[in-house]
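Here are two short exercises on reading a protein structure. Try each task before you read its solution.

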Amino acid sequence: MTRYDVRHYNSIGSTNDEAVRLANEGAPHGTVVHADQQTVGRGRLSRRWQSPPGNLYLSIILRLDLPPERTTEVSFISALAVADAIETMLPKQERTTLKWPNDVLVRDGKISGILLEQTGDALILGIGINVLQPPGGVSYNVSTIVGCGGLGTVDGTRSALLAALANWLDIWQRDGFAAVRSTWLARAHAPGTTLRVQIGDHTIEGRFADLAPDGALLLDTAEGRKRYVAGDTSLSAPGGGEVR
Ligand code: BTN
């Protein structure tokens, strides 16, 4: 079971940057950097992550002794942990949906972001969860725990998240990635869902076929089945809008 050492900051540039610094100084597995707000929160693909007070921003140092080609497995473990944590705060009728590679959606809105980075032999798992404050001015649908009728507080969400992550790390270490993969598939967009994959300036559209045993996305496109190991996906919300 992972034991955590939480370091709390009122305000910080980016919890991921601070976690990288601490990891490079030798901070152990389970060190957590939590901040009430970030002034330069970072998202995937060099995007900014708006980080006003009222949401959860934390980064966890993981020392898992994994070969580089298996680090992607941690993305799926993280998404399941985030989804479990959020569901403990939501009313029963509200459920999460997972979107490749590690997005967590509620009511077709992005409620969380996960940024996984490597420094030396440590992985830095950065997680943002919208508890109270929907980020403004973004081009995609967003949700918050409280906006979906949840009774979430930032500290309650942090406790639920750290417990859920320890649980999924245990399952993965005991049963392997196959157990993570099958649960992820059961909670993700259904096979046949139209997905757009963005690779650099390039967007490819296709239908979700499967998650490969190594976590790659298998997409049926006009040019046949394609396999993606990295990228950003979006889908169209039934009620309109872009789900990214
Ligand atoms: C995404 O683009 O979806 C990933 C966003 C990740 C945001 C979190 S907030 C805590 C941690 N610190 C950062 O600077 N980014 C991550």
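Helices (H or I, at least four residues) and strands (E, at least two) are DSSP runs, numbered from the N terminus. This is a predicted model: local features need pLDDT of at least 70, side-chain atom pairs count only at pLDDT 80 or more, and totals for chains, interfaces and linings use all residues. Residues are numbered from 1 along each chain as its sequence is written, and side-chain values use heavy atoms, with hydrogens and water left out.

**Exercise 1.** Find the strands that pair with β2, and state the sense of each pairing.

Solution.
- Step 1. Two strands pair if DSSP finds at least two bridges between them.
- Step 2. β1 (residues 5-12) runs parallel to β2, with seven bridges. His8 faces His34 of β2.
- Step 3. Follow the chain from β1 through helix α1 (residues 15-24) to β2: this β-α-β crossover is right-handed (clockwise from the first strand over the helix to the second, with the strands pointing away from the viewer).
- Step 4. β3 (residues 56-62) is antiparallel to β2, with four bridges. Ala35 stands opposite Tyr57 of β3.

**Exercise 2.** Work out which elements each supply at least two residues of the shell around the ligand, and list some polar contacts.

Solution.
- Step 1. The elements are α1, β3, β7 (112-119) and β8 (122-129).
- Step 2. A polar contact is a pair of N or O atoms within 3.5 Å.
- Step 3. The side chain of Ser14 has an N or O atom 2.8 Å from a ligand oxygen. For the side chain of Gln38, the partner is a ligand nitrogen, at 2.9 Å. Arg44 uses a backbone N or O atom, 2.7 Å from a ligand oxygen.

Technical notes. A polar contact is a pair of N or O atoms within 3.5 Å; within protein, one must be able to donate a hydrogen and the other to accept it, and residues adjacent in sequence count only if both atoms are side-chain atoms.
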